[in-house]
Amino acid sequence: MHRTCIKSKHTIMSKQEEEEKKKMVVCVTGASGYIASWLVKLLLHRGYTVKATVRDLSDPKKTEHLLALDGAKERLHLFEADLLKDGSFDDAVKGCDGVFHCASPFFIHTDNPQEDLIDPAVKGTLNVLSSCSKVKSIKRVVLTSSVAAVLYNGSPLTPEVVVDESWFSDHEFCKETKLWYPLSKTLAEDAAWKFVKEKAIDMVTINPAMVIGPLLQPTLNTSSRAIFSLINAASTYSNITVGCVHVKDVANAHILAFENPYASGRYCMAESVVHFSELVQIIHKLYPSFKLPDKCADDGPIVKYQISNEKVRSFGIDYISLEDGIKDTIESLKEKKFI
């Protein structure tokens, strides 16, 4: 059964406090994205007024699914903003009680990592935080980071290793191994922590692993594409081990990180850590008629490790299972006619 507990012992609120929450105004950047769309949906469901930024207000692929959400007509306000434009987020964060910064490019392969990934991630984050520093009403910023900013420090990953929030990916290691997306997320998070310390801004980061589950947006995002590639006549599966977590759990964790006065620092999120061969096995169990790859793309060793959930469980998160997450992803891909 799908269930996410969204109240811990620290977040049980009286009716008066619930009503006060409903009067709050928050901003979500990059609102048309995968996690951010779910975040907007759940914030509206909880009664928040949401000021959401998108890159292009004239693009229906970025706005229509948001405007169709329950509560959008009454409490959703869209703003156009550019990560690389100074002051672009000033209007969106003005008068807000909290800001969720989700906007950041996510793709793996690029010939120009500086322009395509690093500049939007780093300069964009500092741009948003700069706008936040001008608004006294903002109580907390929640930054969408990634386990990509955690995992890659050059330490061997073995089954006995438990990765937790004390880990930080190493800039030089990411450069040497051409891990451009992890580098962009690491540089952005590092820059953010330095900035908020100087400006005395209260910030919490959510560091999810590969996010799966149903899509609200009409486009195929990078993490869903990983599942899509396995069921779209691929001849091999990648020799990759990934953490997986359901998008609803990630969106809920963002809200809890804002609401819970005890929240601080970073929160890693991974319901499971699996090799792609295990993903194939789960898909075969759920959809035996699918033609799936039956061999690995290379003969390299299989890397396995663990990601700690101890800290995020303090929120009361009860993870949706990996199997349910994969099923939700595939059913969503069917519904949106990708398969």
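Here, buried means under 20% relative accessible area, exposed means over 50%, and partly exposed is in between. The views below show a predicted model.

**View A. Salt bridge between Glu-172 and Lys-175 within helix H8.** Glu-172 is partly exposed, at a relative accessible area of 44%. Its partner Lys-175 is also classed as partly exposed, at 40%. The side chains of the two residues meet with an N to O distance of 3.6 Å. Since a salt bridge requires a side-chain nitrogen of Lys or Arg within 4 Å of a carboxyl oxygen of Asp or Glu, the pair of Glu-172 and Lys-175 at 3.6 Å is counted as one. Both residues belong to H8 (residues 171-176), where they are three residues apart, about one turn of the helix. The structure holds ten salt bridges, and two others are shown in Views B and C.

**View B. Salt bridge between Asp-97 and Lys-139, joining two loops.** The closest N and O atoms of the pair are 3.0 Å apart. Asp-97 sits in the loop between helix H5 (90-93) and strand S4 (98-101), and Lys-139 in the loop between helix H6 (113-132) and strand S5 (140-144), so the salt bridge ties together parts that are 42 residues apart in sequence. The two partners fall into separate accessibility classes: Asp-97 is buried at 14% relative accessibility, whereas Lys-139 is partly exposed at 47%. Side chains of opposite charge can pair when their charged atoms come close.

**View C. Salt bridge between Glu-323 and Lys-285, joining helices H13 and H12.** The N to O distance between the two side chains is 3.1 Å. Glu-323 belongs to H13 (residues 322-335) and Lys-285 to H12 (residues 276-286), so the pair ties together parts that are 38 residues apart in sequence. Glu-323 is partly exposed, with a relative accessible area of 29%. Lys-285 is exposed, with a value of 59%.

**View D. Packing of helices H12 and H13.** The axes of the two helices are 10 Å apart and meet at an angle of about 70°. H12 and H13 are therefore roughly perpendicular to each other. H12 passes H13 in a right-handed crossing. From H12, the contact is made by Leu-279, Ile-282, Ile-283, Lys-285 and Leu-286; from H13, it is made by Leu-322, Glu-323, Ile-326, Lys-327 and Ile-330. By class, these residues comprise seven nonpolar, no polar and three charged. The salt-bridge partners of View C, Glu-323 and Lys-285, are both among the contact residues.

**View E. Packing of helices H6 and H9.** H6 packs against H9 (residues 180-199) at an angle of about 20°, and the axes are 9 Å apart. The two helices are therefore roughly parallel to each other. Their crossing is right-handed. The contact residues of H6 include Leu-117, Ile-118, Ala-121, Val-122 and Leu-126, and those of H9 include Trp-180, Leu-183, Leu-187, Ala-191 and Phe-195. The contact as a whole divides into 16 nonpolar, three polar and no charged residues. Among its members are Thr-125 and Ser-130 of H6 and Ser-184 of H9.

**View F. Two asparagines, Asn-221 and Asn-309, in loops.** Asn-221 lies between strand S8 (210-212) and helix H10 (222-231), and is buried, with a relative accessible area of 13%. With residues up to four places away in sequence left out, Asn-221 touches Tyr-34 and Leu-215. Asn-309 lies between strand S12 (306-307) and H13, and counts as buried at 11%. With the same exclusion, Asn-309 touches Cys-268, Met-269, Ala-270, Glu-271 and Tyr-319. Its C-alpha is 25 Å from that of Ala-121, a residue 188 places away in sequence.

**View G. Positive phi at Lys-178 and Ala-200.** Most residues other than glycine have a negative phi. In Lys-178, phi is positive, near 55°. Lys-178 is in the loop between H8 and H9 and is exposed, at 60% relative accessibility. Ala-200 also has a positive phi, of about 55°, although it is not a glycine. Ala-200 is located in the loop between H9 and strand S7 (203-208), and its relative accessibility of 71% puts it in the exposed class.

Methods
Residues numbered from 1 in each chain as written. Predicted model: local features only at pLDDT ≥ 70, side-chain atom pairs only at ≥ 80, totals over all residues. Heavy atoms only, no water. Helix = DSSP H or I, 4+ residues; strand = E, 2+ residues; numbered from the N terminus. Buried < 20%, exposed > 50% of the residue type's maximum accessible area, 1.4 Å probe, protein only. Axes fitted to C-alpha atoms, helices over the stretch in contact; angles between N-to-C directions. Parallel < 35°, antiparallel > 145°, perpendicular 65-115°, else oblique. Left-handed = near helix turned anticlockwise from the far one by under 90°. Contact = heavy atoms within 4.5 Å. Nonpolar A, V, L, I, M, F, W, Y, C, P; charged D, E, K, R; others polar.
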